[in-house]
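Q: Could you take a close look at the pockets of this protein for me? I would like to see what lines them, and then what the packing elsewhere looks like.

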Amino acid sequence: MKLFVDSGSVKDIEALASLGIVDGVTTNPSLLAKEGGDYRAILKRICEIVQGPVSGEVVATSAAGMIREGRDLAAIDPHIVVKVPFTREGLKACRTLSSEGTRVNVTLIFSAPQAWLAAKVGATYVSPFVGRLDDVGAAGMGLIQEIVDLFDHAGYGTEVLVASVRGPLHVIEAGRMGADVVTCPPAVVEQLFKHPLTDIGLERFLKDWEKAQAVKA
Ligand code: E4P
């Protein structure tokens with residue numbers, strides 16, 4: 001399973017990419033608005049750092065507007081994947097952009113039928129939002145299982161990109177279910193590193209080593 005970082009922060013992406021664990025990045029208008037500055041320059045810089053798929057999202061609501069913005073985003077860098085919302089207009093835009101060779105990530109997916117329709121119009125990725133489903137008392141990961149199973153038979157090559165991830169359990173479950181990609185905010189990636197026994201173990205190794213050196217001296 002590939003790991004994408006869900007962030008518009010060049011600093012955070014740079015730090016994680018230097019560890020060699022980042023396969024791509026997803027952004028959305030909320031994440032880029034938080035950064036301020038020129039979003040095109042930010043996306044370009046992220047593409048240089050990661051050298052993998054980087055999703056940039058359109059904000060137009062008509063198919064024509066999305067196609068225009070999508071072409072503009074795609075021109076920033078060959079690594080750009082155009083993100084469109086799951087609407088009727090979004091599907092039209094996805095079909096056109098995909099037929100032009102631009103990779104499209106259909107976002108705001110909350111059901112298996114939506115994922116299937118997006119796959120039918122050539123989406124490279126579908127982004128089901130697990131955390132937001134959990135937030136309203138639905139089973140976010142249940143949807144991932146449904147889409148992975150469906151795509152095994154009728155996925156048209158579209159990848160399942162698990163989004164709106166809130167913690168390590170979402171990540172591991174996604175992998176066990178056979179999702180293609182999980183996109184995590186930097187704070188969740190940070191949680192993936194943590195285990196108190198690792199910290200305690202390392203501290204003990206270093207102390208024992210220091211003690212032995214002091215005895216020798
Ligand atoms: C996905 O591509 C979205 O950017 C993101 O995962 C949304 O997550 P949120 O529900 O934490 O805002």
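A: Happy to; here is a walk through the two pockets, followed by the nonpolar cores and one helix residue.

Please keep in mind that this is a predicted model. The largest pocket holds about 240 Å³ of space. Its lining is made up of 15 residues, and Asp6, Asn28, Leu31, Arg132 and Ser164 are the ones that lie nearest the centre. Sorted by class, that lining has five nonpolar, six polar and four charged residues.

The second largest pocket has about 180 Å³ of space. Here 13 residues form the lining, with Tyr39, Glu57, Val58, Val59 and Leu73 nearest the centre. Helix H2 (29–35), helix H3 (39–50), strand E3 (54–57) and helix H4 (63–74) each give two or more residues to this lining. By class, eight of its residues are nonpolar, two are polar and three are charged.

Now to the packing. The largest nonpolar core has 57 residues, and Val106, Ile147 and Val162 have the most contacts inside it. Beyond its neighbours within four places in sequence, Ile147 is in contact with Ile109, Ser111, Ala112, Ala115, Val126, Pro128 and Val160. There is also a second, separate core of seven residues, including Val81, Tyr125, Leu161 and Ala163.

Finally, a look at Val10, which sits in helix H1 (residues 10–17). Val10 has a relative accessible area of 23%, so it counts as partly exposed. Setting aside residues up to four places away in sequence, Val10 touches Ile42, Arg45, Ile46 and Ile49. Val10 and Ile42 are 32 residues apart in sequence, and their C-alpha atoms are 7.1 Å apart in space.

Methods:
Residues are numbered from 1 along each chain as its sequence is written. This is a predicted model: local features need pLDDT of at least 70, side-chain atom pairs count only at pLDDT 80 or more; totals for chains, interfaces and linings use all residues. Side-chain values use heavy atoms; hydrogens and water are left out. A nonpolar core is a set of buried Ala, Val, Leu, Ile, Met, Phe, Trp, Tyr and Cys residues joined through side-chain atoms within 4.5 Å. Buried means under 20% relative accessible area, exposed over 50%, partly exposed in between (1.4 Å probe, protein chains only). Contact means heavy atoms within 4.5 Å. Helices (H or I, at least four residues) and strands (E, at least two) are DSSP runs, numbered from the N terminus. On a 1 Å grid over the protein atoms alone, a cavity is a set of points where a 1.4 Å probe fits but cannot get out, and a pocket is an open set with protein on both sides within 12 Å along at least five of seven lines; lining residues have an atom within 4 Å of a point. Grid points are joined across faces, edges and corners, and a volume is the space filled by probe spheres set on the points. Ala, Val, Leu, Ile, Met, Phe, Trp, Tyr, Cys and Pro count as nonpolar, Asp, Glu, Lys and Arg as charged, and the others, Gly among them, as polar.
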